[in-house]
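Hi everyone, thanks for making time for this one. Have a look at the model on the screen, and then I'll walk you through it.

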Amino acid sequence: MRARRAAHWERERRLEDLATDYELAAQEIEDVTEAAEEKIAAYAARLRGQAKTAEEELRDRQARSVGQMLQLDGVRSVADRLGESVETVRKVAAESTSTQEDPAPNLSSAPAATTAREAPTGPPVSASAAHTGTPHGPTMSGPAEERAAPMREEKG
């Protein structure tokens, strides 16, 4: 009888230990999941910040390009060349003006990121070469031409 009672209490103690282990594991699962979600949120926030910074830099670059184009040609011609509306070109040009008024960001601590698009190669384009191919200048190639192609089909 004593042996049965001892076996019963041993079995109960073992079941209680296993139940406690189960509950501890469940709590650890919650802790690990919560920690992972926090890390994911922090990482996503950091990536969003990097993307926003890159987008701002690229929009500034677009605005500078449009501003320089408008110094060489009219707003309608620039809009046609870019496959954008006149309104969009004027908006981007206004951004170009505002970015020129803002002080330049301090990039001395940032690594220099130069791409083929940023560093022009070859001889400078002369005024006579700039107006060959079309009434508005050289023919487009790449994404701008792909956007402009449907517009040309609609017009003609």
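Let me begin with a question: among contacts in the protein between residues at least 6 apart in sequence, what percentage join residues at least 24 apart? The answer is 54%. Please keep in mind as we go that this is a predicted model.

Now the overall layout. The protein has five helices and zero strands, so to read the elements from the N terminus on, you simply say α-α-α-α-α. As for burial, 11% of the 156 residues are buried. The surface that the protein exposes comes to about 13,100 Å², and carbon and sulfur atoms supply 56% of that area.

Let's move to one pair of helices, H1 and H2. H1 covers residues 2-72 and H2 covers residues 75-82. Their axes lie 9 Å apart, and the two pack at an angle of about 130 degrees. Because of that angle, H1 counts as oblique to H2. The crossing of H1 past H2 is right-handed.

Which residues make this contact? On the H1 side we have Val66, Met69 and Leu70, and they meet Val75, Val78, Arg81 and Leu82 on the H2 side. Sorted by type, the residues of the contact of H1 with H2 are six nonpolar, no polar and one charged. The charged one is Arg81 of H2.

The spacing in those lists fits a familiar rule. An α-helix has 3.6 residues a turn, so residues three or four places apart point the same way.

Staying with H2 for a moment, its buried residues are Ser77, Val78, Ala79 and Arg81. Val78 and Arg81 therefore turn up twice, being buried in H2 and also part of the contact with H1. Just after H2 comes Gly83, with a positive phi of about 70 degrees.

My last stop is Ser65, back in helix H1. Is Ser65 buried, exposed or partly exposed? Ser65 counts as partly exposed, because its relative accessibility is 36%, and the partly exposed class runs between 20% and 50%. Ser65 can also be paired with Val92: the two are 27 residues apart in sequence, and their C-alpha atoms are 9.4 Å apart in space.

That's my tour, and I'm happy to go back to any part of it with you.

Notes
Residues are numbered from 1 along each chain as its sequence is written. This is a predicted model: local features need pLDDT of at least 70, side-chain atom pairs count only at pLDDT 80 or more; totals for chains, interfaces and linings use all residues. Side-chain values use heavy atoms; hydrogens and water are left out. Axes are lines fitted to C-alpha atoms, for helices over the stretch in contact, and angles run from 0 to 180 degrees between N-to-C directions. Helices (H or I, at least four residues) and strands (E, at least two) are DSSP runs, numbered from the N terminus. Angles under 35 degrees count as roughly parallel, over 145 as roughly antiparallel, 65 to 115 as roughly perpendicular and the rest as oblique. A crossing is left-handed if the near helix is turned anticlockwise from the far one by less than a right angle, and right-handed if clockwise. Contact means heavy atoms within 4.5 Å. Buried means under 20% relative accessible area, exposed over 50%, partly exposed in between (1.4 Å probe, protein chains only). Accessible areas come from the Shrake-Rupley method with a 1.4 Å probe; for residues, only the protein chains shown count as cover.
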